[in-house]
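Biologist: Please take a close look at a single part of this model and set out in detail what the coordinates and the record say about that part and its surroundings.

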Amino acid sequence: MGEGKGSTLVHLLILVLSLTAFGFSIAAERRRSTGTLHKDDFTNQTYCIYESDVATGYGVGAFLFLLSSESLLMGVTKCMCFGRPLAPGGNRAWTIIYFVSSWMTFLVAEACLIAGAKNNAYHTKYRNMIYADNFSCDALRKGVFISGAVFVVATMILNVYYYMYFTKATTQPAHKTTRAASTVGMAGRP
């Protein structure tokens, strides 16, 4: 490991896992299930027929790849709580900022992906027959998986910067200030 660079393998794995999650979330958006109304002439009932729910699998796949990317990074850095202490200074401050930011974007991305997968599966599997005259087939709103993909990319970028500043903050020695004797005396004047 170079001075303050971090492991190239960790950088590469974070990028590959995050970009795979991004690809799955884009594929999930493109393959969202949509329903069409059909009327059964024999029973005179109207119901929805949905396309395949492959988007649910893509959404769960994106969720799992992003989760594995975050788990890998937190395992390597020991979640910034255990292991070597961070040296005081700007690198420590940036490490903390990127750590908190990456966790916030990670949670939003995971929420978008799992909510999209859940709603896509719900409309595909469980809403199949309704006794009503005028209704439309519910489908997942456009953009749920896209917003997840945007936050996946944001999480990836923040994770790379977090790891970069984390390794800088853990490999640099702590700077000790050497001060001369104090100019303010604490004793009384003679």
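**Helix H1 and its surroundings**

Modeller: In this predicted model, the span of residues 144-164 is 100% helix and 0% strand, and its end C-alpha atoms lie 30 Å apart. Residues 96-117 are likewise 100% helix and 0% strand, with 32 Å between the end C-alpha atoms of that span. Both spans carry the annotation "transmembrane region" in an unreviewed UniProt entry, which also assigns it to residues 6-27 and 48-67.

The part to examine closely is helix H1, which comprises the 23 residues 8-30. Because a rise of 1.5 Å a residue is expected, H1 should span 33 Å, and the 33 Å between its end C-alpha atoms agrees with this. At the start of H1, a side-chain oxygen of Ser7 comes to within 3.3 Å of the backbone nitrogen of Leu9.

Within H1, the buried residues include Val10, His11, Ile14, Leu17 and Ser18. Ala21, Ser25, Ala28 and Glu29 of this helix are buried as well.

Leu15 also lies in H1. Its relative accessible area is 33%, between the cut-offs of 20% for buried and 50% for exposed, so Leu15 is classed as partly exposed. Beyond its neighbours within four places in sequence, Leu15 is in contact with Met156 and Val160. Leu15 and Met156 are 141 residues apart along the chain, yet their C-alpha atoms are separated by 6.7 Å.

Technical notes:
Residues numbered from 1 in each chain as written. Predicted model: local features only at pLDDT ≥ 70, side-chain atom pairs only at ≥ 80, totals over all residues. Heavy atoms only, no water. Helix = DSSP H or I, 4+ residues; strand = E, 2+ residues; numbered from the N terminus. Expected span 1.5 Å × (residues − 1). Buried < 20%, exposed > 50% of the residue type's maximum accessible area, 1.4 Å probe, protein only. Polar contact = N/O pair within 3.5 Å; in protein donor to acceptor, adjacent residues only side chain to side chain. UniProt positions renumbered as here; feature names shortened; annotations may be inferred. Contact = heavy atoms within 4.5 Å.
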